[in-house]
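Trainee: Could you take me through one part of this model in detail, and then set that part in its surroundings? I should like every term explained with its cut-offs as it arises.

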Amino acid sequence: MSMETLDTFSCTFLPATTLAKLSAATIRRHVQVLRGCAGDRDTVAVVARCTSRASRHSVLMLTRNRLVITTESPLLRRVSLHLNADLHQLADVTWTPEPGRTGIQLGATAIDGERENLWVRLPNKTEMWRLDEALKQAFRTPWGVIAPACTPTVPRLAKAVLRFA
């Protein structure tokens, strides 16, 4: 499968998961729910592990149009949708990068009034600052354009995960 045959979601989701250093098993479990929320044409900027008071095993995906959070049950590892919101539906979005812990404290109020507080874990400081920049583009600039995740090559393992998902 070449990159030319992949849709926009796949072309940007695969590099984002590579940059996040997510395992193939995690990608395989979450990809169907994430794709269902974003669709085939949305570009993915960042994918990362995150935790909240409600769940310790979650995945955050920031796209050009949406913020999606999926959670998995601890015992059976069943994936469910926790948050699926258009960026303009989120209010009072705040975040604090913590370079010493290579993560970001993220808070947002969903359209239903529920406040989400998350700890987003990132593999290194470069990814932490990349997420910080994507959040600035999404929430602090008018008509912001979020840069998609880009890497020159996509690992074969990641392609295989999407093929069997």
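Mentor: The account that follows takes the second helix as its subject and then moves outward to the sheet and the turns.

This is a predicted model, in which local features need pLDDT of at least 70 and side-chain atom pairs count only at pLDDT 80 or more, whereas totals for chains, interfaces and linings use all residues. Residues are numbered from 1 along each chain as its sequence is written, and side-chain values use heavy atoms, with hydrogens and water left out.

The chain has four helices and seven strands; from the N terminus on, they run α-α-β-β-β-β-β-β-β-α-α. These elements are DSSP runs numbered from the N terminus, a helix being H or I over at least four residues and a strand being E over at least two. Of the 165 residues in the chain, 47% are buried. Buried means under 20% relative accessible area, exposed means over 50%, and partly exposed lies in between, with a 1.4 Å probe and protein chains only. Among contacts with a separation of 6 or more, 51% join residues 24 or more positions apart; a contact means heavy atoms within 4.5 Å.

Helix α2 comprises the 15 residues 24-38, which at 1.5 Å a residue should span 21 Å; the end C-alpha atoms are 20 Å apart, which agrees. The expected span is 1.5 Å times one less than the number of residues. The helix nevertheless has a kink of about 45°, centred on Val31. The bend at a residue is the angle between axes fitted to the seven residues ending there and the seven starting there. After α2 comes Gly39, with a positive phi near 85°.

The buried residues of α2 include Thr26, Ile27, His30, Val31, Leu34 and Ala38. An α-helix has 3.6 residues a turn, so residues three or four places apart point the same way.

Two of these buried residues merit individual attention. Thr26 counts as buried because its relative accessible area is 4%. Its side chain makes polar contacts with the side chains of Ser23, at 2.9 Å, and of Arg49, also at 2.9 Å. A polar contact is a pair of N or O atoms within 3.5 Å; within protein, one must be able to donate a hydrogen and the other to accept it, and residues adjacent in sequence count only if both atoms are side-chain atoms. Not counting residues up to four places away in sequence, Thr26 touches Arg49 and Val59. Thr26 and Val59 are 33 residues apart in sequence, and their C-alpha atoms are 8.8 Å apart.

His30 counts as buried because its relative accessibility is 1%. Its side chain makes a polar contact of 2.7 Å with the side chain of Glu72. Leaving aside neighbours within four places in sequence, His30 is in contact with Val59, Thr70, Thr71, Glu72 and Val79.

The helix as a whole lies across β1, β2, β3 and β4, running at about 145° to β3. Axes are lines fitted to C-alpha atoms, for helices over the stretch in contact, and angles run from 0 to 180 degrees between N-to-C directions. Helix α1 (residues 8-20) lies across β1 (44-51) and β2 (58-63), at about 45° to β1.

The sheet itself is open, with seven strands in the order β4-β3-β2-β1-β7-β6-β5 and antiparallel pairing. The edge strands, β4 and β5, each pair on one side only, and the twist averages 25° from one strand to the next. Two strands pair if DSSP finds at least two bridges between them.

At one edge, β3 and β4 pair in the antiparallel sense over seven bridges, with Leu67 bridged to Ala85 in β4. The loop between β3 (66-72) and β4 (79-86) holds Arg77, a residue with a positive phi of about 60° although it is not a glycine. Arg77 counts as partly exposed because its relative accessibility is 43%.

At the other edge, β5 and β6 (residues 103-109) pair in the antiparallel sense over six bridges, and Ala91 stands opposite Thr109 in β6. Their hairpin has four residues between the strands, and Thr102 there takes a positive phi near 45°. Asp92, in strand β5 (residues 91-98), also has a positive phi, of about 50°, without being a glycine. Asp92 counts as exposed because its relative accessibility is 53%.
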